[in-house]
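Opening the notebook on this one. I want the overall layout, then the helix contact, the charged pairs and a few odd spots.

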Amino acid sequence: LKLNTQGEIVSYADDTVIIIKPSWSDLNLAANWDINILKKWFDSHLLSLNSEKTNYVLFSLKALTRLEQINIKICSNDCTDFPCKCEEIKRVRNTKYLGITIKEDMKWKLQIDNTTKRIRKTIYFMIKLRNIIPIKVIKLVYFALIQSILLYGIVGWGGTYRTNLQHLAIAQRQIIKIILKKPSDFPTAELY
């Protein structure tokens with residue numbers, strides 16, 4: 001998708017993101033320009049922009065440099081009101097894009113917590129499965145079901161602090177011990 005936007009448009013299936021990297025002082029103008037260029041393109045191609053699901057995140061590693069609020073509005077093609085009364089996009093502190101939770105401070109604890117919960121949900125299933133199928137097949141299930149969850153998006157969040165990864169590693173070891181029918185106090189080094 002090539003449009004005259006100031007930011008970069010990234011699309012996957014029906015999800016579209018605009019990444020804008022101007023200075024903080026130019027952000028409000030650039031964001032409004034880009035969202036309305038995109039809205040016009042959607043309208044001209046008979047597509048709709050779902051304002052309920054549309055939001056924005058102000059990414060910054062330092063809270064001190066983050067703006068508290070900008071006003072991004074989705075305007076109709078015939079908007080001539082001043083001040084504009086068009087629908088305002090809400091700001092969120094974190095967002096989920098393609099299954100990965102991204103926080104405004106670019107820390108990954110929330111994503112890792114979500115991944116850990118998904119892994120823990122498979123524990124009961126694996127306990128039941130280990131008693132009815134051979135180890136060779138249960139390993140295939142592990143790689144298809146659990147390792148795919150573990151590896152999804154790891155390029156982004158995998159370099160986080162080791163303390164953030166600790167609960168996820170514990171959940172993974174617990175699953176491996178279940179698969180191998182080992183007690184919970186079995187030495188981790190011998191698992192691999």
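Before anything else, my bookkeeping for elements: helices (H or I, at least four residues) and strands (E, at least two) are DSSP runs, numbered from the N terminus. This is a predicted model, where local features need pLDDT of at least 70 and side-chain atom pairs count only at pLDDT 80 or more, while totals for chains, interfaces and linings use all residues. Residues are numbered from 1 along each chain as its sequence is written, and side-chain values use heavy atoms, with hydrogens and water left out.

**Entry 1: overall layout**

I looked up the elements and found 6 helices and 8 strands in the protein chain. Reading from the N terminus, I get the order β-β-α-β-β-β-β-β-β-α-α-α-α-α. Next I checked the radius of gyration, taken over C-alpha atoms, against the globule rule, which is 2.2 Å times the number of residues to the power 0.38. The protein chain comes out at 22 Å, well over the 16 Å that the rule gives for 192 residues, so it is more spread out than a compact globule. I also noted the span of the C-alpha trace along its principal axes, about 70 × 40 × 25 Å.

For accessibility I use relative accessible area: buried is under 20%, exposed is over 50%, and partly exposed is in between (1.4 Å probe, protein chains only). Of the 192 residues of the protein chain, 33% count as buried. A contact, for my purposes, means heavy atoms within 4.5 Å. Taking the contacts in the protein chain with a separation of 6 or more, I see that 56% come from residues 24 or more positions apart.

**Entry 2: helix 2 against helix 4**

How do the axes of helix 2 and helix 4 cross? Here axes are lines fitted to C-alpha atoms, for helices over the stretch in contact, and angles run from 0 to 180 degrees between N-to-C directions. The axes of helix 2 (residues 109-120) and helix 4 (residues 135-151) come within 10 Å and cross at roughly 175 degrees. My labels are roughly parallel under 35 degrees, roughly antiparallel over 145, roughly perpendicular from 65 to 115, and oblique for the rest. Helix 2 and helix 4 are therefore roughly antiparallel to each other. On the helix 2 side I list Thr115, Arg118 and Ile119, and on the helix 4 side Ile146, Ile149 and Leu150. I sorted the residues of this contact into 4 nonpolar, 1 polar and 1 charged. (Nonpolar is Ala, Val, Leu, Ile, Met, Phe, Trp, Tyr, Cys and Pro; charged is Asp, Glu, Lys and Arg; the others, Gly among them, are polar.)

I looked at Leu151 too, which has its place in helix 4. Leu151 is partly exposed at 46% relative accessible area. From Leu151 to Thr115 I get 9.8 Å, C-alpha to C-alpha, with their positions 36 residues apart in sequence.

**Entry 3: salt bridges**

My rule: a side-chain nitrogen of Lys or Arg within 4 Å of a carboxyl oxygen of Asp or Glu. By this rule I count 5 salt bridges.

Asp43 pairs with Lys39, with the closest N and O atoms 2.9 Å apart. The two are 4 residues apart in helix 1 (residues 24-44), so about one helical turn separates Asp43 and Lys39. Asp43 is partly exposed at 26%, whereas Lys39 is buried at 18%.

Lys109 and Asp113 form another salt bridge, at 3.0 Å between the closest N and O atoms. These are also 4 residues apart, in helix 2, about one helical turn. Lys109 is partly exposed at 44%, and Asp113 is partly exposed at 25%. Arg91, Arg93 and Glu104 are joined into one network by salt bridges that share partners.

For Asp105 and Lys103, I find the closest N and O atoms 3.8 Å apart. Asp105 is buried at 17%, while Lys103 is partly exposed at 26%.

**Entry 4: loop residues**

Which residue other than glycine has a phi near 55 degrees? I find that positive value at Leu46, in the loop between helix 1 and strand 3. Leu46 counts as exposed at 81% relative accessibility.

His45 lies in the loop between helix 1 and strand 3 (55-56), and is partly exposed at 44%. I took one long distance from here: the C-alpha atoms of His45 and Thr163 are separated by 47 Å, with the residues 118 apart along the chain.

Met106 is not a glycine either, yet has a positive phi of about 60 degrees. I place Met106 in the loop between strand 8 (100-103) and helix 2, partly exposed at 34%.
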